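Biologist: I would be grateful for a close look at a single residue and its surroundings, followed by an account of the side-chain pairings found elsewhere in the chain. Please proceed from the one to the other in a connected way.

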Amino acid sequence: MSLLKSASTIAGSSVISQLIGAFSIWLISYKYDLAEVGLYALNYSIAVIGAQVCTFASQLLIPKQSEEELTQNVVFCLLQSAILALPYALLTAWLFHQNVLFLYLLSLSNAWVLISENLSLRTGNFRFLIFQRISVSVVVVLSVVLTNQVQVFYWTWASGMMLLTISCIARSFNFRTVTAQHLSLKSNLVFFRTHFHHISRVGSAEVLAMANNNLPIMLINFWFSALTAGYFSVVSRFCLSPVTIVGNAVRNTIFSKWSIDFRNNTFNYPEYQRVRFLLMVLGVICTLGVFIFYPIVMHLGFGEDWINSIDTSRYMLPYLFPALAVSPLTVIELIFGSHRYFLRIQLEQLAIVLIAFVVTPYFYNDYATSVIIFSVLTFIRYAFIYLAMNKRATLLKNNPVMP
């Protein structure tokens, strides 16, 4: 399957998933209120950050592994996530006054989603990847529809996610290849030591990347209100959906394709140029689309609370463009480049988040100011990343054989 066709296939599924996700947010706001959307976004953010903490990028090794190492990789991921999810759930339950078991199930199931997705990316099984992503969104909608109390909804969501992810991993991986040796402490420690550099560098970067994407929601809940976090969540779902749909589709496709190139000691520079141009064009189109059509849609079909989110959509435009036009290109650094640099750029984004949503509201408690600072500083950061990714691609063009 060609790169463009693969990306289009994943993007098509992401459109459906995002539409279902948008419907679930509207359903929660209709059944309860927009403040509950903010609380739902808080729980979701805790879970997806937890997924990265529990796996620490060990799942990203799966597409690059040889057949002989695959089973140990999957076993390590499953055991690691099941163990790390417990202290993470205890900590976040204490910080946010939530139920420990609920956060454990939700964080662990989201971690296993990542494992299943990378199993599909390894084999290029994009159809099953599509099914899984749509199913994750459907679980949320069904949990809202089938329950009448908000607490019952959350428990149904967590339980449904566990059942779904267990089924997906069982479908993607042959557990008959697992032996007692794969489960032993010694084998898993050997795997950890062998891949320590990846897990420590890329794992830290992936955790930071997910934290950077979700900390704003959590900090807005803290500094302002659940309703204000609801505005930010609505904009993130609707305005940033092009980033999620197109950006992740391209990112997953080139991650799968370039991982194969890495195993074959090659790099396709003309393909990189085509991807770079495509992302730039899509970034311009999506940014203009949000600027023009988001206010129109809000005024035509939604209530006052949703209309109040229009200002936030304006503040986020400088963030939206580079997040789509530049962010997927960082895959080249993840596969071929410096893990240290990949970690550094995530530390830079964390610094931006802390400046915008911790330092700024501490001294000047104004929601608009915090979001604008966050958006503009992120734009500047991505400009430097763009230059660095082009430099990496040029080096690979001149020296395609990997060490």
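Modeller: Leaving aside residues up to four places away in sequence, Phe 76 touches Ser 58, Asn 188, Phe 191, Phe 192 and Ile 199. The model under discussion is a predicted one. Phe 76 belongs to helix H3, which covers residues 67–96. Its relative accessible area is 8%, and because the limit for a buried residue is under 20%, Phe 76 counts as buried. For a sense of distance, Phe 76 and Tyr 382 are separated by 306 residues in sequence and by 34 Å in space, taken from C-alpha to C-alpha.

Tyr 382 has a charged partner: the charged end of Arg 381 sits over the ring of Tyr 382, at 5.0 Å from its centre. A comparable arrangement involves Phe 128, whose face is covered by Arg 171 at 5.0 Å from the ring centre.

Following the chain past helix H3, one comes to His 97, which lies in the loop between H3 and helix H4 (100–123). His 97 is not a glycine, yet it has a positive phi of about 60 degrees. With a relative accessibility of 72%, His 97 counts as exposed, whereas Phe 76 is buried.

Helix H4 leads to the salt bridges. Side chains of opposite charge can pair when their charged atoms come close. The structure holds 2 salt bridges. In one of them, the side chains of Glu 117 and Arg 133 meet with an N to O distance of 3.1 Å. This pair links distant parts of the chain, for Glu 117 is in helix H4 and Arg 133 is in helix H5 (residues 126–145), 16 residues apart. Both partners fall under the 20% limit and are therefore buried: Glu 117 has a relative accessibility of 14%, and Arg 133 has a relative accessible area of 13%.

Another salt bridge joins Arg 344 and Glu 348, with the closest N and O atoms 3.2 Å apart. Because these two residues are 4 residues apart in helix H17 (residues 339–363), about one helical turn separates them. Arg 344 is partly exposed at a relative accessible area of 45%, and Glu 348 is partly exposed at 30%.

The aromatic side chains provide a further set of pairings, with a count of 19 aromatic pairs. One of these is formed by Tyr 269 and Tyr 272, whose ring centres are 6.1 Å apart and whose planes meet at 25 degrees, so the pair is stacked. The two tyrosines are 3 residues apart in helix H12, which means that about one helical turn lies between them. Tyr 269 and Tyr 272 are both buried. Elsewhere, one aromatic cluster is formed by Tyr 40, Tyr 44, Phe 102, Phe 153, Tyr 154, Trp 155 and Trp 157.

Helix H12 also holds Ile 292, within its span of residues 269–301. Ile 292 is partly exposed, with a relative accessible area of 44%. Ile 292 is one of the residues that make a nonpolar surface patch of about 780 Å², together with Val 284, Leu 288, Phe 291, Phe 293, Ile 296, Val 297 and Leu 300. Helix H12 thus offers two settings to compare: Tyr 269 and Tyr 272 are buried, while Ile 292 is partly exposed.

Key:
Residues numbered from 1 in each chain as written. Predicted model: local features only at pLDDT ≥ 70, side-chain atom pairs only at ≥ 80, totals over all residues. Heavy atoms only, no water. Patch = residues over 30% accessible without salt bridge, like charges linked within 9 Å, V, L, I, M, F, W, Y side chains within 5 Å. Areas by Shrake-Rupley, 256 points an atom, 1.4 Å probe, with all protein chains shown as cover. Salt bridge = Lys/Arg side-chain N within 4 Å of Asp/Glu carboxyl O. Buried < 20%, exposed > 50% of the residue type's maximum accessible area, 1.4 Å probe, protein only. Phe/Tyr/Trp six-rings, centres within 6.5 Å; stacked < 30°, edge-to-face > 60°. Lys NZ or Arg CZ within 6 Å of the ring centre and 35° of its normal. Contact = heavy atoms within 4.5 Å.
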